[in-house]
Structures are given as C-alpha cells and as structure tokens.
Amino acid sequence: MNTFIAISTPPQTHNLPDARLLFWPEIAPEATCHQLYSELRSTLPWQQDHITLYGKTLAIPRLQVWMGDSDANYQYSGLTLSPHPWNPTIISIKQQIEAICGHRFNSVLINLYRDGQDSNGWHSDDEPELGENPVIASFSLGATRRFRLRHKYRKDLTPYTCDLISGSLLVMAGSTQKYWQHCLTKTARPVEPRINLTFRQTLTL
Ligand SMILES: O=C(O)CCC(=O)C(=O)O
Ligand SMILES: [Mn+2]
C-alpha cells in the first residue's frame with residue numbers, strides 16, 4: 001500500500017463564479033509520487049488514440065488509458081473507450097482519494113503527457129454519461145503543468161490559471177463543467193513527463 005498523507009486540513013477553495021473547485025496541494029509525499037509515477041509509466045497499457053475532426057483523423061497529443069468497472073464505457077469526440085480492468089495500485093489511489101473528497105468513483109481517465117508538446121485542448125467534462133454536475137477528482141504525478149479554466153459565457157471574467165504540482169489533488173464539482181472549460185497548455189520549456197488521473201463516476205445510460 002502506498003503512503004498518502006493523512007489529510008486533516010480543509011482544501012483550498014478557488015472562488016470562481018458558477019464553479020466549485022477544491023484544491024489539496026499535497027495529498028502524497030514526494031517519494032510516494034516518484035514511486036507511483038515510475039510504476040504507472042512502465043506498467044500501464046498506454047495507448048495512442050485518434051479523433052476525427054472535419055473528416056481528418058488526428059493522433060491526440062498524449063497517451064491515455066481508460067480504466068474502471070466493466071460497464072463504465074466512455075465516449076468523447078467520436079471515441080468509445082472500453083475500460084481496462086482495475087489494477088491494484090490504481091484502486092489504492094482511488095480509495096485514498098475517495099476518502100479525502102468523500103465521493104465514490106467507478107472509472108478513471110489516465111493521461112500521459114510525454115513532453116511540453118503534449119497537451120489537452122479546451123473542453124468541459126460534460127459528456128451525458130457523466131450526468132448533471134459531475135465530481136471529477138484530478139491527481140497529478142511528475143512534472144508541474146499549467147491548468148487553465150475559462151468561463152463559457154462570461155467574457156468579462158479573466159481565465160483562471162493554476163499550476164498542478166506532483167502530489168496535488170484538484171476536485172471540480174458543482175456546475176464547473178456546465179459553465180467552464182479547462183485545458184492543459186503546451187509549453188516550450190523543456191519539461192519532464194507528467195501523468196494525470198481524473199477519477200469519474202459514469203452512469204449507465
Ligand atoms: O491533465 C490534466 O490536468 C487535465 C486532464 C483532463 O482535463 C481530462 O482528461 O479530461
Ligand atoms: Mn477534462
């Protein structure tokens with residue numbers, strides 16, 4: 001069992017209109033993060049997925065793995081992902097995150113950003129199978145990368161930026177996905193790889 005930090009302090013809250021964001025800067029110590037990163041990097045069945053946009057098929061700029069309960073299928077941008085079965089390390093991370101944020105999850109999308117050119121474009125996690133007001137718990141390992149949020153309708157609000165450091169947990173809840181988009185920007189800086197796990201509860205529709 002990997003050692004996570006016993007969380008006794010409340011999370012930081014980011015006060016954005018129409019959103020609920022909770023942030024724990026460190027839920028696992030550095031040594032645990034290193035060990036988890038190396039294990040996941042070398043053992044997960046990373047795959048290169050493609051999306052079709054305007055009739056063109058493009059490789060998405062990251063590798064990913066969809067893991068979860070056997071009925072937790074997930075569709076986005078024309079892709080249907082069937083879940084890989086849970087692995088014991090991911091289950092242990094899931095249980096510790098469930099205890100911290102008081103919410104249960106049945107699936108996780110795991111992204112590997114190999115370098116600064118790998119990224120995740122503007123989107124909301126608002127697919128129908130996530131239901132109304134999903135709780136999404138995002139755990140980061142490896143390089144610090146910049147995460148941005150922008151309101152979908154209120155152009156008077158400046159986009160919000162936060163750096164997701166290794167061992168941090170960001171929970172997006174309430175109406176965040178309805179009103180905000182988020183992205184993980186590219187960077188020209190030389191950066192080490194990063195693994196991000198977004199735990200979700202998908203519904204069978
Ligand atoms: O890598 C991240 O921090 C964000 C990942 C994300 O938004 C997603 O997989 O939907
Ligand atoms: Mn997302």
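**Strand β8, the ligand 1 shell and helix α1**

In this predicted model, strand β8 is mostly covered, with 7 of its 7 residues buried. Ser-107, Leu-109, Asn-111 and Tyr-113 point one way from the strand, whereas Val-108, Ile-110 and Leu-112 point the other way. In a regular strand, side chains alternate between the two faces of the sheet. Residues on both sides of β8 are buried.

Two neighbouring strands pair with β8. Strand β5 (residues 63-68) runs antiparallel to β8 and is joined to it by 6 bridges; Leu-63 has Leu-112 as its bridge partner in β8. The pairing of β8 with β15 is likewise antiparallel and extends over 7 bridges. Here Leu-112 stands opposite Ile-195 of β15.

Both β8 and β15 also contribute to the surroundings of ligand 1, as does β14 (180-184), each supplying at least two residues of the shell. Among the residues around the ligand are Leu-109, Asn-111, Asp-125, His-182, Leu-184, Asn-196 and Thr-198. By class, the shell comprises 4 nonpolar, 6 polar and 1 charged residues.

Helix α1 (residues 30-43) has 14 residues, which at 1.5 Å a residue should span 20 Å; the end C-alpha atoms are 20 Å apart, in agreement with this expectation. Within α1, Cys-33, Leu-36 and Leu-40 are buried. These three residues cover an arc of only 70 degrees around the axis and therefore lie on the same side of the helix. On the other side of α1, Glu-30, Ala-31, Ser-38, Ser-42 and Thr-43 are exposed. The buried residues of α1 pack against α2 (88-101), β10 (136-142) and β15.

Technical notes: Residues numbered from 1 in each chain as written. Chains lettered and ligands numbered in written order. Predicted model: local features only at pLDDT ≥ 70, side-chain atom pairs only at ≥ 80, totals over all residues. Near = placed C-beta within 6 Å. Helix = DSSP H or I, 4+ residues; strand = E, 2+ residues; numbered from the N terminus. Nonpolar A, V, L, I, M, F, W, Y, C, P; charged D, E, K, R; others polar. Buried ≥ 20, exposed ≤ 12 C-beta atoms within 10 Å, placed from the backbone. Pairing = 2+ DSSP bridges. Expected span 1.5 Å × (residues − 1). Arc of directions from axis to C-beta. Contact = placed C-beta atoms within 7 Å.
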